[in-house]
Amino acid sequence: MKANTKLFSPLKIRSVTIPNRIVLSPLCMYSANDGVATEWQFAHLSTFARGKTGLIFAEATAVEARGRITPGCLGIWTDEQAEALIPVTSFIEKMGCVPGMQLAHAGRKAGTKTPWNGGTPLDEEDIKAGNSPWDIIAPSDIPVAEGWVVPKAMDEKDIKEIVKAFSDAAKRAVKVGFKVIEIHSAHGYLMHSFLSPLANKRNDSYGGDIHGRMRLLLEVVDAVRSVIPEDMPLFCRISAVDGIENGWEIEDSVILAEKLGDHGVDVIDCSGGGISGAPLFRVNKSGKPMKTNMDRSPGFQVPFAEKVKKGSGMKTMAVGVIVDPHQAEQVLQNDKADLIAIGRELMYNPFWSLHAAQALEADPEFEMWPDQYKWGVNRRGKLAEFKGIRDEPIEEKMAVSHLSDVYKQK
């Protein structure tokens, strides 16, 4: 008998119905050529569609060339880059899932090596390999860390160019079939660096108090909202806390969420940290960041989504070491978030969603599986009934005989 679960219930936002509450968190692959998607992006994202993840975000996608994290980052500042993603959006939709695009600008964290090569700024070795550094921008001329490139403090012209770049990128994303747009304002990248008092030391209308520091993000939201269909969902990913003394706090995120809602954002994607590299932090039960560095525990960022949801009335998405189906279901049942974003666990197991449906008994007959797989994997139910294979030692001949009988069945 099929169990009723919240994780596998649909969620309608504006005109888009997400078939379940599982979301692929944008995962940078660093495998594009001059911002153009390769076979890797299709193979990568199509796997999650076959695995029936409800909403599938492409990786953080740069809205201009200087906004790339690495030379291999995906881009959408040209029509060619956008059109290369049409096979991806088409396949995701054919599998009954929803394709999402995260628009991003790396700001002062741009121009670095891939993570598996250290993630540090590009250097002489990269120049010899044909990957020269480029000029980077930020709200203030403060580098991410000692030894990193000092960014140019953005002037009014730079700000106008960035707003237009996000707007143009959003139009391209809609044109090639993406059904949800997310603006990346987390993890120390450009939009987040404007929000954080640790990175934004401006004394003009884009700095100072929280309202000045929110201004650029709200202008970007307005620009994007104005060029995408009215019935298209708009998400915004934030770092709900900096996790560093005198940085952005959860109370700031509640204020920001309310403003984002007023400007047409539908879901707040609640991550955390990253303003200076990748600081570790922990939170207490109220969602307040604690001033000590600790290992990240399962669901460590869920309190952010809960706090923002309850404080602002906005829909939220929880992320951060959510690895177990029962854990995800409990977050939703307890009304701590509306969607569950999963990243590394889906890299480890791209069919996590289908396996979660089995674990929660939401799909006992394997109906969620693609037809090309269903006819074969549904026999696993019969095999599971054979206790001897699973629970007790059994003679090899008996096991082989039973398996033969099962696989003869149609």
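Cys236 is completely out of reach of solvent by the numbers: with 0% relative accessibility, this cysteine counts as buried. The model here is a predicted one, and its cysteines make a handy place to start. The sulfur closest to that of Cys236 belongs to Cys270, and at 9.6 Å the gap is too far for a bond. A disulfide would need the two sulfur atoms within 2.5 Å. Cys97 also falls in the buried class, in this case because its relative accessibility is 5%. Across the whole structure, the disulfide count comes out at zero.

Stepping back to the chain as a whole, the protein runs to 410 residues, and 57% of them count as buried. Its secondary structure is a mix of 16 helices and 14 strands. As for how the chain meets itself, consider the contacts between residues at least 6 apart in sequence: 69% of these join residues at least 24 apart. The surface left exposed adds up to about 18200 Å², with carbon and sulfur atoms supplying 51% of that area.

One helix pair can be described in some detail. Helix α5, spanning residues 156-175, and helix α7, spanning residues 210-227, have axes that come within 8 Å of each other and cross at roughly 35°. The crossing of α5 past α7 is right-handed. On the α5 side, the contact is built from Ile159, Val163, Phe166, Ser167, Ala170 and Lys171, while α7 brings in Leu216, Glu219, Val220, Ala223, Val224 and Val227. Sorted by class, the residues where α5 meets α7 are nine nonpolar, one polar and two charged. Lys171 of α5 and Glu219 of α7 are both on the contact list, and lysine and glutamate both count as charged.

Then there is Trp40, which sits in helix α1, a stretch covering residues 39-50. Is this tryptophan buried, exposed or partly exposed? The answer is partly exposed, because its relative accessibility is 47%, and the exposed class starts only over 50%. Leaving aside residues up to four places away in sequence, Trp40 touches Met29 and Ser31. Tyr30 lies ten residues from Trp40 in sequence, and the C-alpha atoms of Trp40 and Tyr30 are 9.8 Å apart in space.

Notes
Residues are numbered from 1 along each chain as its sequence is written. This is a predicted model: local features need pLDDT of at least 70, side-chain atom pairs count only at pLDDT 80 or more; totals for chains, interfaces and linings use all residues. Side-chain values use heavy atoms; hydrogens and water are left out. Buried means under 20% relative accessible area, exposed over 50%, partly exposed in between (1.4 Å probe, protein chains only). Helices (H or I, at least four residues) and strands (E, at least two) are DSSP runs, numbered from the N terminus. Contact means heavy atoms within 4.5 Å. Accessible areas come from the Shrake-Rupley method with a 1.4 Å probe; for residues, only the protein chains shown count as cover. Axes are lines fitted to C-alpha atoms, for helices over the stretch in contact, and angles run from 0 to 180 degrees between N-to-C directions. A crossing is left-handed if the near helix is turned anticlockwise from the far one by less than a right angle, and right-handed if clockwise.
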